[in-house]
Amino acid sequence: LRLKAFAVEKTWLKAIVDGQNARSYNLKPEERLELEGTTNFNLMIGNATGLKIYLDERPVKTFGSSGQVVSLKIP
């Protein structure tokens with residue numbers, strides 16, 4: 001599985017890939033992040049509208065408003 005995140009607003013992201021150790025990222029607009037895994041991604045996003053996320057080139061919907069912290073489990 002390949003997850004791509006594109007920052008459209010300033011945000012932070014905490015990612016757990018395949019149940020491994022969590023990693024944190026601070027992203028500014030136009031920065032990109034790519035993660036690879038085999039089973040799943042658990043994400044905590046510091047700004048619900050701050051990222052556009054794609055899993056294997058397909059868009060992933062994020063729900064919430066600007067500045068809202070959201071959690072996602074993909075897939």
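Colour the 75 residues by relative accessibility to begin with: 36% of them count as buried, where buried means under 20% relative accessible area, exposed over 50% and partly exposed in between, with a 1.4 Å probe and protein chains only. The model on screen is predicted, with local features needing pLDDT of at least 70, side-chain atom pairs counted only at pLDDT 80 or more, and totals for chains, interfaces and linings using all residues. Residues are numbered from 1 along each chain as its sequence is written, and side-chain values use heavy atoms, with hydrogens and water left out.

Switch next to a cartoon view, where the protein shows zero helices and eight strands; helices (H or I, at least four residues) and strands (E, at least two) are DSSP runs, numbered from the N terminus.

Now select F6 and Y54, the one aromatic pair that a search of the whole structure finds. Their rings meet edge-to-face, 5.7 Å centre to centre and with 75° between the planes; rings of Phe, Tyr and Trp (its six-membered ring) pair if their centres lie within 6.5 Å, and planes under 30 degrees apart count as stacked, over 60 as edge-to-face and the rest as tilted. Extending the selection to the strands shows that the pair links distant parts of the chain, since F6 lies in strand β1 (residues 2-7) and Y54 in strand β6 (residues 51-55), 48 residues apart. F6 counts as partly exposed because its relative accessibility is 22%, and Y54 counts as partly exposed at 26%.

Finally, zoom out to the whole protein, whose C-alpha atoms fill a box of roughly 30 × 25 × 20 Å, taken along the principal axes.
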